[in-house]
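Subject: Structure handover and notes

Hello,

Here is the structure you asked for. My notes follow below it.

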Amino acid sequence: MNLTLPKWYDLHTHFRQGENLSAYVSEHLKMGCAGALAMPNTKPPVSRVSGENDDTSWSIESYRQEILDAGGDAFDQLIVPLYLTKDTTPEMIHEGAESGLLKACKYYPPHGTTNSEHGVPLKDLLGSDVFKAMDDCGVVLCIHGEAHGLKGPDYFDANRSAEKTFYEESMPRLLEHHSGLKIVCEHITTKAAARFVSEGGPSLGATVTPQHLLFTVSTMLQGFNPQLYCLPLIKFEEDREALRAAVTQHGQQRVFAGTDSAPHTLKATDCGCAAGCFTGGCAPQLYAMGFEAAGSDLVNSQPDIDAFRNFLCLNGPAFYGFPPSEETFDLVRTPSQSELLEAGEGPITPLPFGLKLTMDWSLK
Ligand code: DOR
Ligand code: ZN
């Protein structure tokens, strides 16, 4: 059985930098990906719009060119958001938007995730001229929605998490201050975030990763599998149910694919575990499995297939304001395995390989 779909867009991914960049881009192209939003948490961060890279900051212009040169010129769309730091100015936003280079900015909770130490607390940005400039220019705010600096059970417990707190306390305040701002709630993982998004208007979107649709924290903890360690953490059954309901809802237009594919050459070490699941080469197959696990019938039900197409291929482009792909790719309902990705700076373990998971779908 063949599912022919428009080529899809990954509106949250990490292509990194250096020798492995071209391998990561190539894995995305192989899985029918027509374009991507490539995250700016490089070292140093992408915290300027234009100009040469230097030791403390990179520019969207230069990093984007690096990705294009590494094979990304085959994408129809390549968006690099600006990393919001203490040095971001309203002038940068206006000039960047006018030049066409700046489409989105990324909020990172300070020290909350990989390379997020340059982030500014959200409270410092509320009412700021930077957010006002973004609103004026139609620049999208991509939010990593976790409260920062929490410890112990405030960070993660059965009924609390850094994400839940952020969506219950910080996000309402953000909307009060900036009701017109276009916002994407990135990689949502909780029932609280799903509810916040569902109650929002047309300027509020969200991305969901394959791993948060497929697994719960139990899968990571039983036998401890570091391959599933990503941030925000995989949560509980009621959270997964809420995410599944959000993505599979017929006709929904605001939730879309953003894999947060985050390659790390070294995952677990004696000093800790790098956060991120690499889903290059296998994301559409995993998303299809997530939809089926949620009860969608991607073989016989046209409304379910339409909802899958909306999520994977159409909603993201519509939210960001570019046309969907006119090319297609095919998913086939036959089992497949993923393989270790051999790349110059060391092999990368794709999520299904790391979990010894056979996928129910293949790429044609
Ligand atoms: O799991 C994650 N990995 N979450 C993030 O927010 C960052 C990402 C990375 O860059 O590795
Ligand atoms: Zn990410």
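Two strands count as paired if DSSP finds at least two bridges between them. Helices (H or I, at least four residues) and strands (E, at least two) are DSSP runs, numbered from the N terminus. This is a predicted model, so local features need pLDDT of at least 70 and side-chain atom pairs count only at pLDDT 80 or more, while totals for chains, interfaces and linings use all residues. Residues are numbered from 1 along each chain as its sequence is written, chains are lettered from A and ligands numbered from 1 in the order in which they are written, and side-chain values use heavy atoms, with hydrogens and water left out.

**An open sheet and its helix**

Three strands make an open sheet. Their order is 1-15-16, and the pairing is antiparallel. Strand 1 (2–6) and strand 16 (362–363) are the edges, each pairing on one side only. Helix 12 (residues 283–293) packs on this sheet and touches strand 15 and strand 16. Contact here means heavy atoms within 4.5 Å. The direction of helix 12 makes about 55 degrees with that of strand 15. Axes are lines fitted to C-alpha atoms, for helices over the stretch in contact, and angles run from 0 to 180 degrees between N-to-C directions.

Strand 15 (residues 328–332) pairs with strand 16 over two bridges, in the antiparallel sense. Val332 has Ser362 of strand 16 as its bridge partner.

Glu292 sits in helix 12. Its relative accessibility is 18%, so Glu292 counts as buried. The cut-offs are under 20% relative accessible area for buried, over 50% for exposed, and partly exposed in between (1.4 Å probe, protein chains only). Leaving out residues up to four places away in sequence, Glu292 touches Leu298, Arg333, Asp360 and Trp361.

**The zinc site**

His12 (NE2), His14 (NE2) and Asp260 (OD) coordinate the zinc ion (ligand 2), at 2.0 to 2.1 Å. Donors are N, O and S atoms within 2.8 Å of the metal (3.2 Å for Na, K and Ca); water is not among the atoms, so sites may look incomplete. Along the chain, the donors follow the spacing H-x1-H-x245-D. Both His12 and His14 are buried.

**Cavities**

How many cavities of 30 Å³ or more does a search of the whole structure find? The search finds three. The largest has a volume of about 130 Å³. It is lined by 17 residues, and the closest to its centre are His14, Thr113, Thr114, Leu231 and Asp260. Two of these names, His14 and Asp260, also appear among the zinc donors.

On a 1 Å grid over the protein atoms alone, a cavity is a set of points where a 1.4 Å probe fits but cannot get out; lining residues have an atom within 4 Å of a point. Grid points are joined across faces, edges and corners, and a volume is the space filled by probe spheres set on the points.

**A buried strand**

Five of the five residues of strand 11 (residues 204–208) are buried, so strand 11 is largely enclosed by the rest of the structure. Both of its faces are covered. Leu204, Ala206 and Val208 are on one side, Gly205 and Thr207 on the other. Strand 10 (residues 183–185) pairs with strand 11 in the parallel sense, over three bridges. Cys185 has Ala206 of strand 11 as its bridge partner.

**Helix 1**

Leu21, Ala23, Tyr24, Val25, Glu27 and His28 are the buried residues of helix 1 (residues 21–30). They pack against strand 2 (8–13), strand 3 (33–38) and helix 2 (60–69). Gly32 follows helix 1 and has a positive phi, near 75 degrees.

**Backbone points to check on screen**

- The peptide bond from Lys43 to Pro44 is cis, omega near -5 degrees. Pro44 is in the loop between strand 3 and strand 4 (46–48).
- Leu231 and Pro232 are joined by a cis peptide bond, omega about -5 degrees. Pro232 is in the loop between helix 10 (217–221) and helix 11.
- Phe224 is not a glycine, yet its phi is positive, about 25 degrees. Phe224 also lies in the loop between helix 10 and helix 11. It is partly exposed, with a relative accessible area of 45%.
- Asn115 has a positive phi near 50 degrees. Asn115 counts as buried, at 16% relative accessibility.

Best wishes

Definitions and conventions. 1 Å grid on protein atoms, 1.4 Å probe; cavity = no way out; pocket = protein on both sides within 12 Å on 5 of 7 lines; lining within 4 Å.
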